[in-house]
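Q: I've got a model open and want to know what stands behind the labels people put on it. Can we go through them one at a time?
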Amino acid sequence: MNQVLFHFKDTHLDEVIKLGFNYVINDNEVDVILPDVDYEPNDYYVDPDEQICNHYGINYDHLNCIELV
């Protein structure tokens with residue numbers, strides 16, 4: 001299964017802790033690796049990045065970027 005790396009803005013460490021994710025602090029980012037989820041083209045969120053954020057309860061606006069690992 002693929003994994004996804006979420007690069008949170010460092011100002012949102014409290015959110016990461018509240019969500020219960022394991023994290024690593026790199027430079028000015030908080031990095032979290034989570035399993036990828038299947039993309040659902042008929043979902044409310046058409047954008048795959050927004051869709052996976054919704055799945056995990058992550059605020060999309062609190063991220064610098066998302067990438068496959």
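Q: Why does Gln 51 count as buried?
A: This is a predicted model, so keep in mind that the values are computed from it. The relative accessibility of Gln 51 is 8%, and buried means under 20%, so Gln 51 counts as buried.

Q: Where is Gln 51 found, and what does its side chain reach?
A: Gln 51 sits in helix 2. Its side chain gets to the backbone oxygen of Tyr 45, at 2.7 Å. Setting aside residues up to four places away in sequence, Gln 51 touches Asp 38, Tyr 39, Glu 40, Asp 43 and Tyr 45.

Q: Which other residues of helix 2 are buried, and what do the buried ones pack against?
A: Besides Gln 51, you have Ile 52, Cys 53 and Tyr 56. The buried residues of this helix pack against strand 1, helix 1, strand 3 and strand 4.

Q: What makes Asp 47 a cap for helix 2?
A: Look at the N-terminal end of the helix: a side-chain oxygen of Asp 47 lies 2.7 Å from the backbone nitrogen of Asp 49. A polar contact needs the N or O atoms within 3.5 Å, so 2.7 Å passes. After helix 2 comes Gly 57, with a positive phi near 75°.

Q: How many residues are in the largest nonpolar core, and which have the most contacts inside it?
A: There are 14, and Phe 6, Phe 8 and Ile 58 have the most contacts inside it. Strand 1 (3-9), strand 3 (29-35), helix 2 (48-56) and strand 4 (63-68) each put in at least two residues. As a general trend, nonpolar side chains tend to be buried together in soluble globular proteins.

Q: What is Phe 6 in contact with, leaving aside its neighbours within four places in sequence?
A: The list includes Val 30, Val 32 and Leu 34, then Ile 52, Cys 53 and Tyr 56, and also Ile 58, Leu 63, Cys 65 and Ile 66. Asp 31 is in contact with Phe 6 too.

Q: Why does His 7 count as buried?
A: His 7 lies in strand 1. Its relative accessibility is 8%, and the cut-off for buried is under 20%, so it counts as buried.

Q: Which side chains does His 7 join through polar contacts?
A: One is Glu 29, at 3.0 Å. Another is Glu 67, at 2.5 Å. Both glutamates are also among the residues that His 7 touches, along with Val 30, Asp 31, Leu 63, Asn 64 and Cys 65.

Q: Why is Asp 27 called exposed?
A: Asp 27 has a relative accessible area of 79%, and exposed means over 50%, so the label fits. You'll find Asp 27 in the loop between strand 2 and strand 3.

Q: What is the phi of Asp 27?
A: It is positive, about 50°, although Asp 27 is not a glycine. For background, most residues other than glycine have a negative phi.

Q: Why is Glu 40 called partly exposed?
A: Glu 40 comes in at 38% relative accessible area; the partly exposed range lies between 20% and 50%, so that is its class. Glu 40 is in the loop between strand 3 and helix 2. From Glu 40 to Glu 29 is 11 residues in sequence and 28 Å in space, C-alpha to C-alpha.

Q: What makes Tyr 23 partly exposed, and which surface patch does it help form?
A: Tyr 23 has a relative accessible area of 35%, between the 20% and 50% cut-offs, so it is partly exposed. Together with Ile 17 and Ile 25, Tyr 23 forms a nonpolar patch on the surface with about 280 Å² of accessible area. Tyr 23 itself lies in the loop between helix 1 (13-19) and strand 2 (24-26).

Notes:
Residues are numbered from 1 along each chain as its sequence is written. This is a predicted model: local features need pLDDT of at least 70, side-chain atom pairs count only at pLDDT 80 or more; totals for chains, interfaces and linings use all residues. Side-chain values use heavy atoms; hydrogens and water are left out. Patches are made of residues with over 30% relative accessible area and no salt bridge: like charges are joined within 9 Å, nonpolar side chains (Val, Leu, Ile, Met, Phe, Trp, Tyr) within 5 Å. Accessible areas come from the Shrake-Rupley method with a 1.4 Å probe; for residues, only the protein chains shown count as cover. A salt bridge is a side-chain nitrogen of Lys or Arg within 4 Å of a carboxyl oxygen of Asp or Glu. Helices (H or I, at least four residues) and strands (E, at least two) are DSSP runs, numbered from the N terminus. Buried means under 20% relative accessible area, exposed over 50%, partly exposed in between (1.4 Å probe, protein chains only). A nonpolar core is a set of buried Ala, Val, Leu, Ile, Met, Phe, Trp, Tyr and Cys residues joined through side-chain atoms within 4.5 Å. Contact means heavy atoms within 4.5 Å. A polar contact is a pair of N or O atoms within 3.5 Å; within protein, one must be able to donate a hydrogen and the other to accept it, and residues adjacent in sequence count only if both atoms are side-chain atoms.
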